[in-house]
Amino acid sequence: MDVGADEFEQNLPLLQELVLGADFVGLDIEFTGLRSNLSHPEQISLFDLPSEWYLKTRQSIQQFTICQIGLSVFSSIEGESNKYVAHSYNFFLFPTTFGILDSEFSFQASSVQFLNQYGFDYNKFLKNGIPYMNEEQEKKIKQNILTGNWKVRSSLDKDQIKVVIHEVTRWLDLAEEGDWMTLPGITGFQAFEVQLVLRQALPDIWTVLRDEGVIVKKVSREHRWYLENTSCDRESCWKEKILLSARGFSVFFQMLVKAQKPLVGHNMMMDLLHLHEKFFRPLPESYDQFKLNIHNLFPVLIDTKNVTKDIWKVTDETLGELNFPRVSNLSEVYEVLNSDSNPTKNSGPEIIHASKCEKYVETKYPHEAAYDAFLCGSVLLKVAHLLLWRVHGAGSVPEPCFPLYLDALAPYVNQVNLIRAGVPKINFSGPDHPSTRPPILILSVRRWPGVTEQQVYHKFQNLCKFDVRRLTRSQFLLLTNKFKDARSVLKEYRRHPTLQVSLYRYWRHSPDINCVLRVCGIVTTWALVAFLLGRPSP
């Protein structure tokens, strides 16, 4: 189900009820871009510690914005054995433009092409996106609204309000007390903004918001005073309503946080960064503070990328070896778990789509956020059932339920996959695990003056792909995430005449260590010479 600004507020109570009654929530987010300036020398690499990766990626998060959030709310059906219903929603978002808030963000051409290829509706994003703001932005706008110290800053809003005031003023000249007119097409928090401006500018009118638009009624000043002081629609209430409407999706985000339901995604690290930046607070400079904030917001995170990556080849004494095709794309993972390769295909959980959310029953919509969120939740349940089956054996699996599935998934909780960094995953509930990457290799170059990192990369790319980092003028560090590639290069280039590759040893190859050793050697030599020269003659 697609939800824009026009439908959001009326669906909010239902969404809150669904989340509170859910077992878990699947999440997927689409962005206007992923990486800023990949050619920059500070691009991310396998050499990066998690804290370094975070600081580099943080810049991209601040540059791009969210255009669509998909949520799929999974709930077990009472009285039905291992049966779940999924309510899937696409939310089109657009940053709040109100008063002092006027966000800037970038589009990345490749991201636009990618989403366009899969039918993304940019009109819904740009024209009917749900507003949102983070807590810092909310504090600023709340202070301005409640103190009356706010102005219409957007040129579009200014033009719209000028037209409205001109139209109402012309009508007032001919209207009599008790007459009314309708201003159609003004919705959302802008409807409240327009009413505030009209009430401040024109002392002999009163306004009411209806389904058909803003109703303007001509009243006497005495009746206006009476309405201002007795109506439940007083200006102070209005300002609260403006703030509520301007917060938009951020209201639902706070509901999601308070519900404390397990949040499930696939390769969800970028999603978590954007959730923090756009709805909570600007991303902190401290990596550890970011981890702590996310853990407080969502105490239970499950990344299906991390789970499935770990179980594609499962060996059990009772069940033997389970050979799954090694796929990583979410749609492919879903297909594999629904294929005959999965021994629990016919005994696993049954998942149905809720009424009014049946768009995905027969048709696939890859990279539509709600569809991918549904796939995340479905993969989670099927993988959890497989893990439970592995633990208990085919004939003794207990009656499945979500708490049992969570127990089976315990080793993967709060372990979020990390792409291209020194460690393969981040642990949001404790210290990060040490690296399991292949060892770093060192390349010593001879008879190739002025060689660059890019040239080294291209030299090896046909054999395998390495991240390259210069160590000295003629030495480079090589790092891959595949052990077979490291072994292959070592074998091919260990005794190469111009490009010699060997295992990197910090105490042997580090320029800093070599410098210290040289200094120590010089000092020791001079001390020995001084000692010998200072000895008295026999």
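At 70% relative accessibility, D340 counts as exposed, and this residue makes a good doorway into the structure, which is a predicted model. The side chain of D340 meets that of K345 in a salt bridge, with 3.3 Å from N to O. K345 is partly exposed, at a relative accessible area of 37%. Because the cut-off for exposed is over 50%, K345 at 37% falls into the partly exposed class.

Let us step back for a moment to see the whole chain. It has 20 helices and 20 strands. Of its 538 residues, 48% count as buried. The accessible surface of the chain comes to about 27900 Å², and carbon and sulfur atoms account for 51% of that area. Contacts across the sequence are worth a look too: among those between residues at least 6 apart, 72% join residues at least 24 apart.

Now back to the charged pairs. A salt bridge here is a side-chain nitrogen of Lys or Arg within 4 Å of a carboxyl oxygen of Asp or Glu, and by this rule the count comes to eleven salt bridges. One of them joins K364 to E335, with the closest N and O atoms 3.2 Å apart. This pair ties together distant parts of the chain, since K364 sits in the loop between β14 (350-353) and α15 (369-392), while E335 belongs to helix α14 (residues 330-337), 29 residues apart. The two partners also have their own surroundings: K364 is exposed, with a relative accessible area of 55%, whereas E335 is partly exposed at 36%.

Another salt bridge brings together the side chains of K359 and E368, at 2.9 Å from N to O. K359 is partly exposed, with a relative accessible area of 30%. And E368, is it buried or exposed? At 14% relative accessibility E368 counts as buried, because the limit for buried is under 20%. Elsewhere, D48, K56 and R469 are linked in a network of salt bridges.

R469 falls within the residue range of strand β18 (467-472), so let us follow that strand into its sheet. Four strands form an open sheet in the order β18-β19-β17-β20, with antiparallel pairing. At the edges lie β18 (467-472) and β20 (499-503), each of which pairs on one side only. From one strand to the next, the twist averages 30 degrees.

Within this sheet, have a look at the contact line of β17 and β20. Strand β17 (residues 441-445) is joined to β20 by five bridges, and the two run antiparallel. L443 stands opposite V501 in β20, which gives you a handy pair to find on the screen. Helices accompany the sheet as well. Helix α18 (residues 483-493) packs on it and touches β17 and β20, with a direction that makes about 130 degrees with that of β20. Helix α17 (residues 453-460) lies across β17, β18, β19 (475-479) and β20, and runs at about 130 degrees to β18.

Farther along the sequence comes helix α20 (residues 511-534), where L533 lies. Which residues join L533 in a nonpolar surface patch? They are I522, W526 and V529, and with L533 they make a patch of about 470 Å². L533 itself is exposed, with a relative accessible area of 71%. Patch members need over 30% relative accessible area, so L533 at 71% meets that condition.

Two backbone details round off the tour. Q260 has a positive phi of about 55 degrees although it is not a glycine. You will find Q260 in the loop between α10 (249-259) and β10 (263-265), where it is partly exposed at a relative accessible area of 38%. N414 is also not a glycine, and its phi is positive at about 65 degrees. Its place is in the loop between α16 (402-408) and β15 (415-417). At 4% relative accessibility, N414 counts as buried.

Terms used
Residues numbered from 1 in each chain as written. Predicted model: local features only at pLDDT ≥ 70, side-chain atom pairs only at ≥ 80, totals over all residues. Heavy atoms only, no water. Patch = residues over 30% accessible without salt bridge, like charges linked within 9 Å, V, L, I, M, F, W, Y side chains within 5 Å. Areas by Shrake-Rupley, 256 points an atom, 1.4 Å probe, with all protein chains shown as cover. Buried < 20%, exposed > 50% of the residue type's maximum accessible area, 1.4 Å probe, protein only. Pairing = 2+ DSSP bridges. Axes fitted to C-alpha atoms, helices over the stretch in contact; angles between N-to-C directions. Contact = heavy atoms within 4.5 Å.
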